[in-house]
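Thank you all for coming; I would like to take you through one model today, going from the whole chain to a few helix contacts and then to some single residues. Please keep the sequence and the structure in view while I talk.

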Amino acid sequence: MNEKIFYHAVCETYEGDYLKLRKLKERYGSWQKVFESAGSKSADPEKSWAELERQKIGLILEDDKKFPKLLREIPFAPFGLYYRGALPGDEPKLGIVGTRKATPVGLTTAKKFAAE
């Protein structure tokens, strides 16, 4: 298995808690070791990854050459980015970041904004 699979399983296990993930990554050095440290409470990495593939969702980690350069420079840069479709090249990009539990108004607004 590769680091992407372990990263995704760790994110599920710790519910995407950025500060906790950051501390664990600093302590263990790799997502595989973080996953192994979680023991029995860990999500099943192969099952989780299969679900991503079923939904045609991709993942790039911060050390991937396709990871946006400018995004690496911000405070609290993400460890990885999930995406659908093709990743853009070097042209300007726009990302919409929001809550996992968006309201109907928030979803409608985001769709309108993205369409523009």
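Of the 116 residues in the protein chain, 28% are buried, where buried means under 20% relative accessible area, exposed means over 50%, and partly exposed is what lies in between, computed with a 1.4 Å probe on protein chains only. I should say at once that this is a predicted model, in which local features need pLDDT of at least 70 and side-chain atom pairs count only at pLDDT 80 or more, whereas totals for chains, interfaces and linings use all residues. Residues are numbered from 1 along each chain as its sequence is written, and side-chain values use heavy atoms, with hydrogens and water left out.

The protein chain has 6 helices and 2 strands, these being DSSP runs numbered from the N terminus, with H or I and at least four residues for a helix, and E and at least two for a strand. Along the sequence the pattern reads α-α-α-α-β-α-β-α, and along the principal axes the C-alpha atoms fill a box of roughly 45 × 30 × 25 Å. Among the contacts in the protein chain with a separation of 6 or more, 57% come from residues 24 or more positions apart, a contact meaning heavy atoms within 4.5 Å.

Let me turn to the helix pairs. Two packed helices are described by the angle between their axes and the distance between the axes. Here the axes are lines fitted to C-alpha atoms, for helices over the stretch in contact, and the angles run from 0 to 180 degrees between N-to-C directions.

Helix α1, residues 3-13, packs against helix α4, residues 45-54, at an angle of about 100°, and their axes are 9 Å apart. That makes α1 roughly perpendicular to α4, on a scale where angles under 35 degrees count as roughly parallel, over 145 as roughly antiparallel, 65 to 115 as roughly perpendicular and the rest as oblique. On the α1 side the contact is made by K4, I5, H8, A9 and E12, and on the α4 side by P45, E46, S48, W49 and L52. By class, these residues divide into 5 nonpolar, 2 polar and 3 charged, with Ala, Val, Leu, Ile, Met, Phe, Trp, Tyr, Cys and Pro counted as nonpolar, Asp, Glu, Lys and Arg as charged, and the others, Gly among them, as polar.

Staying with α4, which of its residues are buried? They are P45, S48, W49 and L52, and they cover an arc of only 95° around the axis, which puts them on the same side of α4; the arc is that of the directions from the helix axis to the C-beta atoms. The face turned away from that buried side carries the exposed residues E46, K47 and R54. What covers the buried residues of α4 includes α1, α3 (31-38), β1 (57-61) and β2 (80-84). At the N-terminal end of α4, D44 acts as a cap, with a side-chain oxygen 3.1 Å from the backbone nitrogen of E46, and just after α4, K56 takes a positive phi of about 60°.

One residue of helix α1 that I would single out is H8, which is buried at a relative accessible area of 8%. Leaving aside neighbours within four places in sequence, H8 is in contact with S48, W49, L52, L59 and Y82. The side chains of H8 and Y82 are joined by a polar contact of 2.7 Å, a polar contact being a pair of N or O atoms within 3.5 Å in which, within protein, one must be able to donate a hydrogen and the other to accept it, and for which residues adjacent in sequence count only if both atoms are side-chain atoms.

The second pair is helix α2, residues 18-28, with α3, packed at an angle of about 105° with axes 8 Å apart; α2 and α3 are therefore roughly perpendicular to each other. L21, L24, K25 and Y28 of α2 make the contact with W31, K33, V34 and S37 of α3, giving 5 nonpolar, 1 polar and 2 charged residues. S37 is partly exposed, with a relative accessible area of 31%.

In α3 the buried residues are W31, V34, F35 and A38, and they cover an arc of only 100° around the axis, which puts them on the same side of α3. Their cover includes α1, α2, α4 and β1.
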